[in-house]
Amino acid sequence: QVQLVESGGGLVQAGGSLRLSCLASVRTFGRYGMGWFRHAPGKEREIVAAINRSGDSTVYYADSVKGRFTISRDNAKSTVYLQMNSLKAEDTAVYYCAANFGSSVYVSPHEYVHWGQGTQVTVSS
């Protein structure tokens, strides 16, 4: 089983930047596709960004974050990152990282079997 631990959340002002990290406790990290999701009150958990397994550079971004957020991974550190720039109040949510063992990027949370506990991101102003 894969354990995922998010970090880097916090309170930032609109227009600011934040980088989230997700550390995976698994040696075969490169075999997993990774995704970032967020869950705001009153809304469904939604995809933010996803990146395929190592060896495939395919990435996906939700339209709402395209051009502002960047997903990346460091397999040597078993870590996936979400760089968030130009943050907006609408980005306020609990952010989760998740892992799948598929052959492509996936946007549905139902395709992910491993989940972290989440980290709160709050954007003020």
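Two strands are taken to pair if DSSP finds at least two bridges between them. Helices (H or I, at least four residues) and strands (E, at least two) are DSSP runs, numbered from the N terminus. The structure is a predicted model, in which local features need pLDDT of at least 70 and side-chain atom pairs count only at pLDDT 80 or more, while totals for chains, interfaces and linings use all residues. Residues are numbered from 1 along each chain as its sequence is written, and side-chain values use heavy atoms, with hydrogens and water left out.

Strand S9 covers residues 93-100. Seven of its eight residues are buried (under 20% relative accessible area; exposed is over 50% and partly exposed lies in between, with a 1.4 Å probe and protein chains only). Strand S9 is therefore largely enclosed by the rest of the structure. Strand S11 (residues 119-124) runs antiparallel to S9 and is joined to it by three bridges. Within this pair, Val94 faces Gln120 of S11. Strand S10 (residues 114-115) is also antiparallel to S9, with two bridges between them. Here Ala99 has His114 of S10 as its bridge partner.

Strand S9 pairs with S4 as well. S4 comprises residues 33-39 and is antiparallel to S9, with seven bridges joining the two. Arg38 is placed opposite Tyr95 of S9, and Met34 has Ala99 of S9 as its bridge partner. Ala99 thus appears in bridges both to Met34 and to His114. Of the seven residues in S4, six are buried, so this strand too is largely enclosed by the rest of the structure.

Strand S4 is further paired with S5 (residues 46-51), in the antiparallel sense and over five bridges. Phe37 stands across from Ile47 of S5. The two strands form a hairpin with six residues between them, and Gly42 in the turn has a positive phi of about 80°.

Positive phi values also occur at two serines. Ser86, located in the loop between S8 and S9, has a phi near 50°. Its relative accessibility is 39%, so Ser86 counts as partly exposed. Ser125 belongs to the segment after S11 and has a positive phi of about 75°. With a relative accessibility of 85%, Ser125 is classed as exposed.

Three further residues were examined for their surroundings, where contact means heavy atoms within 4.5 Å. Trp115 is part of strand S10 and is partly exposed, its relative accessible area being 24%. Apart from neighbours within four places in sequence, Trp115 contacts Leu4, Phe37, Arg45, Tyr96, Cys97, Ala98 and Pro109. Phe37 is the residue of S4 that stands opposite Ile47. The Trp115 side chain comes to 3.1 Å from the backbone oxygen of Tyr112. This falls under polar contacts, that is, pairs of N or O atoms within 3.5 Å; within protein, one must be able to donate a hydrogen and the other to accept it, and residues adjacent in sequence count only if both atoms are side-chain atoms. The C-alpha atoms of Trp115 and Val2 lie 8.3 Å apart, with a separation of 113 residues along the chain.

Ser78 is situated in the loop between strand S7 (69-74) and strand S8 (79-84). Its relative accessibility of 11% is why Ser78 counts as buried. The Ser78 side chain reaches the backbone oxygen of Val26 at 3.4 Å. Val26 is also among the contacts of Ser78, together with Cys22, Leu23, Ala24 and Phe29, when residues up to four places away in sequence are not counted.

Val59 is in strand S6 (residues 59-61) and has a relative accessible area of 36%, which makes it partly exposed. Outside its neighbours within four places in sequence, Val59 touches Ala50, Ile51 and Ile71. Between Val59 and Asp74, 15 residues apart along the chain, the C-alpha separation is 14 Å.

A search of the whole structure gave one cavity of 30 Å³ or more. A cavity is a set of points, on a 1 Å grid over the protein atoms alone, where a 1.4 Å probe fits but cannot get out; lining residues have an atom within 4 Å of a point. Grid points are joined across faces, edges and corners, and a volume is the space filled by probe spheres set on the points. The largest cavity has a volume of about 40 Å³. Its lining consists of Arg38, His39, Ala40, Lys43, Glu44, Glu46, Glu90, Thr92 and Ala93.

Note on methods: On a 1 Å grid over the protein atoms alone, a cavity is a set of points where a 1.4 Å probe fits but cannot get out, and a pocket is an open set with protein on both sides within 12 Å along at least five of seven lines; lining residues have an atom within 4 Å of a point.
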